[in-house]
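User: I would like to go through the labels attached to this model and see what each one rests on. Please set each value against its cut-off.

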Amino acid sequence: MPRFEKWLTQVGPDAPIPRAARKALAVRLEAVEHYLKEAAQVSGRAADDAESVHQLRVWTRRSAAALRLFDEVLPRRTAKWLKRKLRKIRRTAGKARDCDVLATRIEQGDLAALEQTAVPLRARRKRAEKELSRLYKSLVGHNKWERKTARLFKKARWKGRPKSVRPPFGPWCRERLRALADQFHAVGGGDLSTETALHELRLAGKRLRYALELSPAALDPATHRRLYQQLGDLQDRLGEVCDSLTGVTRLEQWLAEAKEPTIRKQLRAALKSEQHQLARLRQRFARWWTAKRRLAMQRSWRQALRG
């Protein structure tokens with residue numbers, strides 16, 4: 001299996017922005033194509049379905065982050081098309097991923113006495129896989145993906161900026177990171193009592209973390225490593241909460257659809273257990289995400305991105 005490098009290390013702080021954009025997106029879009037093929041089970045060989053789906057979602061997010069970061073030098077229509085397709089791939093892969101996560105938790109006994117036969121996981125997983133297969137054939141099988149990515153790289157250039165005011169990659173990237181960090185801290189400092197707010201904080205953190213993967217040349221190594229570790233810790237803790245939220249939502253959906261009394265009893269017990277687990281995780285996250293920690297992180301980012 002090929003290895004795809006998440007860090008943008010092929011360019012330095014003085015590199016032209018279009019060159020950095022091409023380097024970053026070439027790896028990310030190639031990874032999406034590879035994992036889409038694996039997840040859709042059209043590769044012609046055995047693959048770890050769950051891991052391929054997980055990696056597919058991760059690389060669609062990384063690709064979307066690169067498209068957002070470099071939007072100033074990318075052809076607008078082509079970038080918009082790719083963003084739309086990446087969103088479609090990610091959401092379809094998300095359906096399969098939800099099934100994989102819940103199947104693992106059921107196997108491990110994490111959802112009360114819920115049995116695999118009580119929920120239509122296998123059928124839902126198969127439908128998602130078929131959707132991914134159709135996406136792969138429509139995008140890659142007809143060379144649309146290749147044509148669009150080739151156009152993206154060919155047309156990556158400054159638009160409307162004379163050479164005298166085109167900044168190098170380092171300071172330009174720090175400015176972009178500063179805007180994303182401000183968005184993240186604004187969400188993190190707000191009311192996080194709702195499910196929507198928690199999901200938005202997780203997404204804002206992911207956007208910032210994936211942009212940071214594109215920024216080794218813009219920061220000194222120690223600072224870059226510290227900021228990335230901070231976000232990783234937050235994502236791990238918040239991910240537990242959001243995964244539990246997803247579990248509650250899915251169990252509520254299946255309970256509403258279930259007819260057989262025995263299955264409904266299993267689902268009610270599992271839902272009650274998951275709701276208790278969610279409450280514990282939310283309390284634990286609230287105790288960790290204190291105003292002191294949040295403000296310290298905000299100061300750390302402001303100092304790192306100053307000037």
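User: What makes the radius of gyration of the protein chain agree with that of a compact globule?

Analyst: This is a predicted model. For 307 residues the globule rule gives a radius of gyration near 19 Å, and the protein chain has 21 Å, so the value agrees with a compact globule. Along the principal axes, the C-alpha trace spans about 75 × 55 × 30 Å.

User: Which secondary structure elements does the protein chain have?

Analyst: There are ten helices and zero strands. The pattern along the sequence is therefore written with α throughout: α-α-α-α-α-α-α-α-α-α.

User: How much of the protein chain is buried, and what share of the contacts joins residues 24 or more positions apart?

Analyst: Buried residues are 47% of the 307. Of the contacts with a separation of 6 or more, 78% join residues 24 or more positions apart. The exposed area is about 16,100 Å², with 48% of it supplied by carbon and sulfur atoms.

User: Which residues touch the most other members of the largest nonpolar core?

Analyst: They are Phe70, Trp145, Phe169 and Phe285, in a core of 97 residues. Phe169 is in contact with Phe70, and its other partners beyond four places in sequence include Leu8, Val11, Ile17, Leu214 and Ala217. As a general tendency, nonpolar side chains in soluble globular proteins are buried together.

User: Why is Trp301 called buried?

Analyst: Buried means under 20% relative accessible area. Trp301 has 1%, so it is buried. Trp301 is found in helix α10, residues 291-304. Among its contacts beyond four places in sequence are Ala181, His185, Leu208 and Gln230. Ala181 is 120 residues away from Trp301 in sequence, while their C-alpha atoms are 7.3 Å apart.

User: Why does Ser244 count as buried?

Analyst: The relative accessible area of Ser244 is 3%, which is under 20%, so Ser244 is buried. Ser244 has its place in helix α8, residues 221-257. Not counting residues up to four places away, Ser244 touches Glu274, Gln277, Leu278 and Leu281.

User: Why does Asp98 count as buried?

Analyst: Asp98 has 18% relative accessibility; the cut-off is 20%, and the value is under it, so the label is buried. Asp98 belongs to helix α3, residues 76-107. Beyond four places in sequence, Asp98 touches Thr246 and Arg250.

User: What makes Lys272 exposed?

Analyst: Exposed means over 50%, and Lys272 has 52% relative accessibility, so Lys272 counts as exposed. Lys272 is found in helix α9, residues 261-288. Its C-alpha atom is separated by 9.6 Å from that of Leu251, 21 residues apart along the chain.

User: Why is Asn143 called partly exposed?

Analyst: At 40% relative accessibility, Asn143 is neither under 20% nor over 50%, so it counts as partly exposed. Asn143 lies in the loop between α4 (121-139) and α5 (144-154).

User: What is the phi of Asn143?

Analyst: Asn143 has a positive phi of about 65°, although it is not a glycine. Most residues other than glycine have a negative phi.

User: How far apart are the mean positions of the positive and negative charges?

Analyst: The two mean positions are 7 Å apart, taken over 70 positive and 33 negative charges.

Technical notes: Residues are numbered from 1 along each chain as its sequence is written. This is a predicted model: local features need pLDDT of at least 70, side-chain atom pairs count only at pLDDT 80 or more; totals for chains, interfaces and linings use all residues. Side-chain values use heavy atoms; hydrogens and water are left out. Helices (H or I, at least four residues) and strands (E, at least two) are DSSP runs, numbered from the N terminus. The radius of gyration is taken over C-alpha atoms; the globule rule is 2.2 Å times the number of residues to the power 0.38. Buried means under 20% relative accessible area, exposed over 50%, partly exposed in between (1.4 Å probe, protein chains only). Contact means heavy atoms within 4.5 Å. Accessible areas come from the Shrake-Rupley method with a 1.4 Å probe; for residues, only the protein chains shown count as cover. Lys and Arg count as positive and Asp and Glu as negative; His and the chain ends are not counted. The place of a charge is taken as NZ of Lys, CZ of Arg, CG of Asp or CD of Glu. A nonpolar core is a set of buried Ala, Val, Leu, Ile, Met, Phe, Trp, Tyr and Cys residues joined through side-chain atoms within 4.5 Å.
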